[in-house]
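Thank you for letting me take a few minutes today. Please keep the picture open while I talk, and follow along as I go from one part to the next.

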There are 2 protein chains.
Amino acid sequence: MIIPTLDDMQNAHKRIKPYVHETPVLTSSYLDELTGARLFFKCENFQKAGVFKARGASNAVFSLSEDMLEKGVATHSSGNHALSLSYAAGRRGIPCTVVMPRTAPQAKKDAVMGYGGTIVECEPSTSSREAIFAEVVAKSGAEFVHPYNDPRVIAGQGTCSAELIEQVESLDAVIAPIGGGGMVSGTCLTLSNLAPNVKIYAAEPEQADDAARSFRAGHIIADDAPVTVADGLKVPLKDLTWHFVSNHVTDILTASEQEIIDAMKLIWKRMKIVMEPSSAVPLATILKNKDTFAGKRVGVIITGGNVDLDLLPWLKN
Amino acid sequence: MIIPTLDDMQNAHKRIKPYVHETPVLTSSYLDELTGARLFFKCENFQKAGVFKARGASNAVFSLSEDMLEKGVATHSSGNHALSLSYAAGRRGIPCTVVMPRTAPQAKKDAVMGYGGTIVECEPSTSSREAIFAEVVAKSGAEFVHPYNDPRVIAGQGTCSAELIEQVESLDAVIAPIGGGGMVSGTCLTLSNLAPNVKIYAAEPEQADDAARSFRAGHIIADDAPVTVADGLKVPLKDLTWHFVSNHVTDILTASEQEIIDAMKLIWKRMKIVMEPSSAVPLATILKNKDTFAGKRVGVIITGGNVDLDLLPWLKN
């Protein structure tokens, strides 16, 4: 296990600068009143490829050695890492193969293909995904860029909170959604070094709460195929992300499906931004845990904006 | 007819500064490639009350004389001016009555009431609206703030492009949607004085093209009850807005309902922002008139973001 360092994050920041946006921080006086906190939304939905994962993917792709360029990169992903890696590979002009669940939103499949990536479909379970992916890599010889359990990826994701603490002074806490833990690990890497007084919270769907249960048990618990509207958060922690989560996270909070959908619609309505269900989990948990955040200055990572506009969750019933 | 001057706009800018946002300008490399132009989206969907009209309404409310404060303000509006005036009146702590079509989106009615405004409903035609409004003003003695044919309102709307030309250098053109012409008139007021080389375009739904027909005829043509998805753009030009439009606008371009809906969905999908159908009309017309804008630096006013999230136009069919 290679644990990325502050140097790795800072090198990543220089490396990926030409390929990613410094995303804006938005505020909402309405949501501040509603929560009793001061919320600073770091809008990675405006990031390249529509998601923070463009950071980690770009760092992995642009740190590849010359001799690997022809074989390219490959990965498995519920969607956002897939299109981020396709984006980054496209910018470097190398091939990219992604194994995606056949149930992934069509918008994400279209985006992967739009960036020039090649899709191989699997069943919507971790076991199927990993089996089919092994075949792909054996055949192509491509460099595996794991969606989150990769030091290059975590170092890249860490650049998000490096920007955030430059953009917003004196934060008391940062909260991000947690699936495999890539964004949270990057946040831990950066803040534990550069702003160790800032508390780090993770937010997770009740219906995919393996990270919260792992956190309380003290070891990784993995579910095979959880069902949640927050489709980016179904994957389990791995050793590298567990290292950061277990050492640096203050707490992992959860929210129900309806609370996530309500928070998502509330953000769309009041902040006028398009973001994914996954990105609404932090606000949903803040609304449930007002005492924890009252009077605090809280960075809230809006992780991505790749949602199928024909299948909005509040219109399903 | 009192024609607002550059001084009026500049005084408005100082007056309303505490009550409105300097909204951000967003860009999209995807939409630049698609159109062949360089587009700078001035995001008034992020404005207070979710719409540029907070500017004009705030200028009118905060320039009211002391002796009018108790009677307050009143207006008729298809929605956005209603909630903007309610917002501004709320900030000054004075009463606000608005006459709204009973068919106005529920999201807009809720927002008016949320800001403390009182709603009186009328039929969805200009004639009904004006008749019922006359009764309201006769009873209350409130100060009428017209949604657009008011020099205080036009001076307020002009602050939007005053910001835009500070934020973006060397624009070749600015394009805004046109209904009654308040935003376009404010744009004309500001740019004809401060940036006279910038061409001003207006964009209108084909199904509510009274401004385009007026422009070609050389006099105001008004339709009573046009039907379009761009519900903010159904109202006709009036003498004051006609003055600015007829003197300073280069052309008025139109788009079909489907073109407007497609452009709206495209902006949501690629730019990750929530905006109204009205705000999509400029991009729809740019996509139809690529030769006009190719290679040009174009400011595009995203006028507002108050859309009913349960009634998205691409989900109606």
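The buried residues of helix α9 of chain B are covered by elements that include β8 (199-205), α10 (239-248) and β9 (251-255) of chain B. This is a predicted model, so please take everything I say as a description of a prediction. The helix itself runs over residues 210-217 of chain B, and the buried residues in α9(B) are B:D210, B:A211, B:A212, B:S214 and B:F215. If you continue along the chain past α9(B), you come to B:G218, whose phi is positive, near 85°.

Let me go over to chain A for another strand and another helix. How many of the seven residues of strand β8 of chain A are buried? Six of them are, and therefore this strand, residues 199-205, is largely enclosed by the rest of the structure. Strand β7 of chain A, residues 173-177, runs parallel to β8(A), and five bridges join the two. If you would like one position to look for, A:I175 is opposite A:Y201 in β8(A).

The helix I have in mind is α12 of chain A, residues 277-288, which is mostly covered, with ten of its twelve residues buried. Among those buried residues are A:P277, A:V281, A:L283 and A:I286. We can also check its length: at 1.5 Å a residue, the twelve residues of α12(A) should span 16 Å, and because the end C-alpha atoms are 17 Å apart, the two values agree.

Now for a sheet, for which I return to chain B. In what order do the four strands of the open sheet in chain B come? The order is β5-β4-β3-β6, and the pairing is parallel. At the edges are β5 (118-122) and β6 (143-144) of chain B, each of which pairs on one side only. Within this sheet, β3 of chain B, residues 73-76, is joined to β4 of chain B, residues 96-101, by four bridges, and B:A74 has B:T97 in β4(B) as its bridge partner.

With those pieces in mind, we can look at how a chain is divided. Chain A has a domain 1, made of 6-51 + 154-315, and a domain 2, made of 54-144. Their C-alpha centres lie 23 Å apart, and 27 residues of domain 1 of chain A are in contact with 25 residues of domain 2 of chain A. On the side of domain 1 that touches domain 2, the elements that give two or more residues are α1 (6-16) and α7 (151-167) of chain A, and the largest share, six residues, comes from α7(A). That side of domain 1 of chain A divides into 13 nonpolar, eight polar and six charged residues.

Finally, how do the two chains sit together? A rotation of 180°, with 0.0 Å of shift along its axis, superposes chain B on chain A with an RMSD of 0.0 Å, and the two copies are thus related as by a two-fold rotation axis. Which residue of chain B comes closest to the rotation axis? That is B:I273, whose C-alpha is at 2.2 Å. Where the chains touch, 15 residues of chain B are in contact with 15 residues of chain A, and the side belonging to chain B divides into eight nonpolar, three polar and four charged residues. Since 100% of the interface residues of chain B are also interface residues in chain A, the copies meet through the same surface.

Technical notes: Residues are numbered from 1 along each chain as its sequence is written. Chains are lettered from A and ligands numbered from 1 in the order in which they are written. This is a predicted model: local features need pLDDT of at least 70, side-chain atom pairs count only at pLDDT 80 or more; totals for chains, interfaces and linings use all residues. Copies are superposed by least squares on the C-alpha atoms of residues with pLDDT of at least 70 in both. Two residues are in contact if their C-beta atoms, placed from the backbone, lie within 7 Å. Domain bounds come from an automatic or database domain assignment. Ala, Val, Leu, Ile, Met, Phe, Trp, Tyr, Cys and Pro count as nonpolar, Asp, Glu, Lys and Arg as charged, and the others, Gly among them, as polar. The expected span of a helix is 1.5 Å times one less than its number of residues. A residue is buried if 20 or more other C-beta atoms lie within 10 Å of its own, exposed if 12 or fewer, and partly exposed in between; C-beta atoms are placed from the backbone. Two strands pair if DSSP finds at least two bridges between them.
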